[in-house]
Structures are given as C-alpha cells and as structure tokens.
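Please open the model in your viewer and keep the sequence panel beside it. The tour begins at a pair of packed elements, then turns to the chain as a whole and to single residues.

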Amino acid sequence: MNRRWKFPLKLAFFGLTPEYKQSVHSAIFLLCYKVPGFTHKDIYNMPIHLRSFYLKEYKEWKKAENNADNQTGEQSQQQAYDQYKQTQKNPSK
C-alpha cells in the first residue's frame, strides 16, 4: 500500500530560538514585577498580541512619567497621565 500524503511534512520548523524564549521571559518578568495584577501564568498563556499591547502601553506610560520628571509629587503624576492620554488620542506618535 503505497500512499502519497496530500500535505507532506517538511522539517522547516525545529522549535523556538533561544533569543525568542529570552524575549518572552523578559516580557513576563517586566509585566509580573512592574505592572500589578498579572501573574506568571496569566502572562505566559496570554496571546502574543495582548502581551505586546501591555508592554507597549507600559513603555509609553514610563516615557510620559520620565518626561514629567521635572515636576514633583501629585502634579507630576497628573501631568504624566495627561501626556499618556494625549498619546492615546494621537496614536501616530
């Protein structure tokens, strides 16, 4: 019985690269320890596009906080929040 498969398996994929694994675990570490409310299991099982979204939002928030560093206390947090909201209205930045 010589049977020819319709979709032959090609050995083009051997698993994930070490660099990719490191980037995934770096993202997990960052979100677990810097953003409250996430657990390792939640982030590890999270779809890639959502994990990327949360990382992007965290980086934008930190950038807005750093730009508002010249202010002090509550005023600086409010300014950072306002700047963050501006980037949400204008996502082309």
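Begin with helices α1 and α3 of this predicted model, and turn the view until one lies in front of the other, where their crossing can be seen to be left-handed. Helix α1 covers residues 18-34 and helix α3 covers residues 48-67, and their axes approach to within 11 Å while crossing at roughly 55°. The two helices are therefore oblique to each other, an angle of roughly 55° being neither under 35 degrees nor in the range of 65 to 115.

Next, show the side chains where these two helices meet. On the α1 side, select Y20, V24, A27, L30, L31 and K34, and on the α3 side I48, R51, Y54, L55 and Y58, which together make the contact. Coloured by class, this contact has 9 nonpolar and 2 charged residues, with no polar residue taking part.

Now zoom out and colour the protein chain by secondary structure. What comes into view is a chain with 4 helices and 0 strands, its elements running α-α-α-α from the N terminus on. Switching to a surface display, one sees an accessible surface of about 8,400 Å², of which 56% belongs to carbon and sulfur atoms. Of the 93 residues in the protein chain, 18% count as buried. If contacts with a separation of 6 or more are drawn for the protein chain, 27% of them link residues 24 or more positions apart.

Three single residues complete the tour, beginning with E57, which is placed in helix α3. Is E57 buried or exposed? Its relative accessible area is 9%, which is under the 20% cut-off, so E57 counts as buried. Leaving aside residues up to four places away in sequence, select Y84 and Q88 as well, since E57 touches both.

Move on to helix α4, which spans residues 73-89, and pick Q78 within it. Here the relative accessibility is 43%, and because this value lies between 20% and 50%, Q78 counts as partly exposed. A distance drawn from the C-alpha of Q78 to that of E65 should read 9.4 Å, although 13 residues separate the two in sequence.

Finally, return to helix α1 and select F29, which has its place there. With a relative accessibility of 53%, which is over the 50% cut-off, F29 counts as exposed. From F29, draw one last C-alpha to C-alpha distance to I43, which lies 14 residues away in sequence and 9.3 Å away in space.

Notes:
Residues are numbered from 1 along each chain as its sequence is written. This is a predicted model: local features need pLDDT of at least 70, side-chain atom pairs count only at pLDDT 80 or more; totals for chains, interfaces and linings use all residues. Side-chain values use heavy atoms; hydrogens and water are left out. Axes are lines fitted to C-alpha atoms, for helices over the stretch in contact, and angles run from 0 to 180 degrees between N-to-C directions. Angles under 35 degrees count as roughly parallel, over 145 as roughly antiparallel, 65 to 115 as roughly perpendicular and the rest as oblique. A crossing is left-handed if the near helix is turned anticlockwise from the far one by less than a right angle, and right-handed if clockwise. Contact means heavy atoms within 4.5 Å. Ala, Val, Leu, Ile, Met, Phe, Trp, Tyr, Cys and Pro count as nonpolar, Asp, Glu, Lys and Arg as charged, and the others, Gly among them, as polar. Buried means under 20% relative accessible area, exposed over 50%, partly exposed in between (1.4 Å probe, protein chains only). Accessible areas come from the Shrake-Rupley method with a 1.4 Å probe; for residues, only the protein chains shown count as cover.
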